[in-house]
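Got your viewer open? Let's take a walk through this model, one selection at a time.

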Amino acid sequence: MHSIFAQDYSRWEIIIISDDQVDYQEVLARQGVASDKIKYCSTGTVGSGAANARNIGLANARGDYI
């Protein structure tokens with residue numbers, strides 16, 4: 001993850017989608033990873049599948065490139 005923070009391109013974002021009801025913002029914060037460029041989303045369920053998680057990620061993406 002540290003290589004992402006070192007990017008020259010400044011308009012990046014990371015979208016993390018939980019499909020298991022885990023609070024990944026808390027998990028990463030405990031590891032010292034926190035940034036306003038990381039957006040956390042949830043499918044609201046457990047095991048809804050990769051396609052659903054990707055669609056939620058795409059719906060929340062605000063960048064020029066995905």
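Before you click anything, here's a cut-off to keep in your pocket: a residue counts as exposed when its relative accessible area is over 50%, as buried when that area is under 20%, and as partly exposed in between. Also keep in mind that you're looking at a predicted model.

**Stop 1: helix H2**

Select residues 24-30, which make up helix H2. Now show the side chains of Arg30 and Glu26: they form a salt bridge, and their closest N and O atoms are 3.0 Å apart. Is Arg30 buried or exposed? Its relative accessible area is 61%, and because exposed means over 50%, Arg30 is exposed. Glu26 comes out at 44%, so it's partly exposed. Along the chain the two sit 4 residues apart, about one turn of the helix. That spacing is handy: an α-helix has 3.6 residues a turn, so residues three or four places apart point the same way.

**Stop 2: a link across the chain**

How many salt bridges are there? The count is 2. To see the one between Arg11 and Asp64, select both side chains and look for the 3.1 Å distance from N to O. Where do these partners sit? Arg11 is in the loop between helix H1 (2-5) and strand E1 (14-18), while Asp64 is in the segment after helix H3 (50-60). They are 53 residues apart, so this pair links distant parts of the chain. Color them by accessibility and you'll find that both Arg11 and Asp64 are exposed.

**Stop 3: helix H3, inside and out**

Next, pick out Ala53, Ile56, Gly57 and Asn60, the buried residues of H3. Turn the view until you're looking down the axis of H3: these buried residues fall within an arc of 100°, so they line one face of the helix. What covers them? The cover includes E1 and strand E2 (38-42). Spin round to the other side of H3, and there you'll meet Arg54 and Ala59, which are exposed.

**Stop 4: the largest pocket**

Last, switch on a surface and head for the largest pocket, which holds about 220 Å³ of space. To find its centre, select Trp12, Glu13, Gly63, Tyr65 and Ile66, which lie nearest to that point among the 13 lining residues. E1 and H3 are the elements that each give two or more residues to the lining. What kinds of residues make up this lining? They divide into 8 nonpolar, 2 polar and 3 charged.

Key. Residues are numbered from 1 along each chain as its sequence is written. This is a predicted model: local features need pLDDT of at least 70, side-chain atom pairs count only at pLDDT 80 or more; totals for chains, interfaces and linings use all residues. Side-chain values use heavy atoms; hydrogens and water are left out. A salt bridge is a side-chain nitrogen of Lys or Arg within 4 Å of a carboxyl oxygen of Asp or Glu. Buried means under 20% relative accessible area, exposed over 50%, partly exposed in between (1.4 Å probe, protein chains only). The arc is that of the directions from the helix axis to the C-beta atoms. Contact means heavy atoms within 4.5 Å. On a 1 Å grid over the protein atoms alone, a cavity is a set of points where a 1.4 Å probe fits but cannot get out, and a pocket is an open set with protein on both sides within 12 Å along at least five of seven lines; lining residues have an atom within 4 Å of a point. Grid points are joined across faces, edges and corners, and a volume is the space filled by probe spheres set on the points. Ala, Val, Leu, Ile, Met, Phe, Trp, Tyr, Cys and Pro count as nonpolar, Asp, Glu, Lys and Arg as charged, and the others, Gly among them, as polar.
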